[in-house]
Amino acid sequence: RYVIEPADRDGFLEAMAECKGVRLRSGALAWRLYEDVAHAERWVELWIVESWTEHLREEGRLTEADRAILARAATFHRGPAAPEAARYVNVSAEAG
């Protein structure tokens, strides 16, 4: 989750387009970037990998160039800490 100054929107979008390539090259099956319609400064980057094991392997696939791209995107974040990360696993709910 990122907090971005609205004036930085265009630069952030350019940086995130590069992040999309990094995520897909490192194993993501899908990638999305969401802007909060009620709060223009709030953004969420979401990517999906096949499994928790694949997620753990992602880090090992990153090159120094990939890390630089991700770091560049993070420079747009405004806040007291780094962009917030959260991890979720898919849980199937069966009717019963």
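1. A residue is called buried here when its relative accessible area is under 20%, and by that cut-off Phe76, with a relative accessible area of 14%, counts as buried. Please keep in mind while reading these points that the model is a predicted one.

2. On the overall layout, the protein chain holds 3 helices and 3 strands, and these follow one another along the sequence in the pattern β-α-β-β-α-α. The C-alpha atoms occupy a box of roughly 50 × 35 × 20 Å when this is taken along the principal axes. Of the 96 residues in the protein chain, 25% count as buried. Among the contacts with a separation of 6 or more, 56% come from residues that are 24 or more positions apart.

3. The strands form an open sheet of 3 strands, with the order E1-E3-E2 and antiparallel pairing. Its edges are strand E1 (2-3) and strand E2 (30-35), each of which pairs on one side only. As background, strands of a sheet pair through backbone hydrogen bonds, in either a parallel or an antiparallel sense.

4. The pairing of E2 with strand E3 (residues 42-48) can be followed residue by residue in the model. These two strands run antiparallel to each other over 6 bridges, and a hairpin of 6 residues joins E2 to E3. Ala30 stands opposite Ile48 in E3, while Tyr34 has Val44 in E3 as its bridge partner.

5. Helix H1 (residues 9-25) lies across E1, E2 and E3, and its direction makes an angle of about 160° with E2. Two residues of this helix, Phe12 and Arg23, deserve a closer look and are taken up in the next points.

6. Which residues make up the aromatic cluster? Tyr2, Phe12, Trp43 and Phe76 form one such cluster, and the structure as a whole holds 3 aromatic pairs. In the pair of Phe12 and Phe76, the ring centres are 6.2 Å apart and the planes stand at 65°, so this pair is classed as edge-to-face; the step rests on the cut-off that planes over 60 degrees apart count as edge-to-face. Because Phe12 belongs to helix H1 and Phe76 to the segment after helix H3 (64-74), the pair ties together parts of the chain that are 64 residues apart in sequence. Phe12 is buried, with a relative accessible area of 0%, and Phe76 is likewise buried, at 14%.

7. Arg23, which lies in helix H1, is a charged side chain that one might ask about: is Arg23 buried or exposed? With a relative accessible area of 12%, Arg23 is buried. Arg23 lies over the face of Trp47, at 3.7 Å from the ring centre. Not counting residues up to four places away in sequence, Arg23 touches Ala28, Trp31, Glu45, Trp47 and Leu70.

8. Ser26 lies in the loop between H1 and E2, and this loop residue is nevertheless buried, with a relative accessible area of 3%. Leaving aside neighbours within four places in sequence, Ser26 is in contact with Glu58, Arg61 and Leu62.

9. In H3, the buried residues are Asp66, Ile69, Leu70 and Ala73. These residues cover an arc of only 95° around the axis, which puts them on the same side of H3. The general background is that an α-helix has 3.6 residues a turn, so residues three or four places apart point the same way. What covers the buried residues of H3 includes E1, H1 and helix H2 (52-61). Leu70, one of these buried residues, is also among the residues touched by Arg23.

10. Finally, Arg57 lies in helix H2 and counts as partly exposed, at 47% relative accessibility. How many residues apart in sequence are Arg57 and His39? They are separated by 18 residues in sequence and by 34 Å in space, taken C-alpha to C-alpha.

Definitions and conventions:
Residues are numbered from 1 along each chain as its sequence is written. This is a predicted model: local features need pLDDT of at least 70, side-chain atom pairs count only at pLDDT 80 or more; totals for chains, interfaces and linings use all residues. Side-chain values use heavy atoms; hydrogens and water are left out. Two strands pair if DSSP finds at least two bridges between them. Helices (H or I, at least four residues) and strands (E, at least two) are DSSP runs, numbered from the N terminus. Contact means heavy atoms within 4.5 Å. Axes are lines fitted to C-alpha atoms, for helices over the stretch in contact, and angles run from 0 to 180 degrees between N-to-C directions. Rings of Phe, Tyr and Trp (its six-membered ring) pair if their centres lie within 6.5 Å; planes under 30 degrees apart count as stacked, over 60 as edge-to-face and the rest as tilted. Buried means under 20% relative accessible area, exposed over 50%, partly exposed in between (1.4 Å probe, protein chains only). A charge sits over a ring if NZ of Lys or CZ of Arg is within 6 Å of the ring centre and within 35 degrees of the ring normal. The arc is that of the directions from the helix axis to the C-beta atoms.
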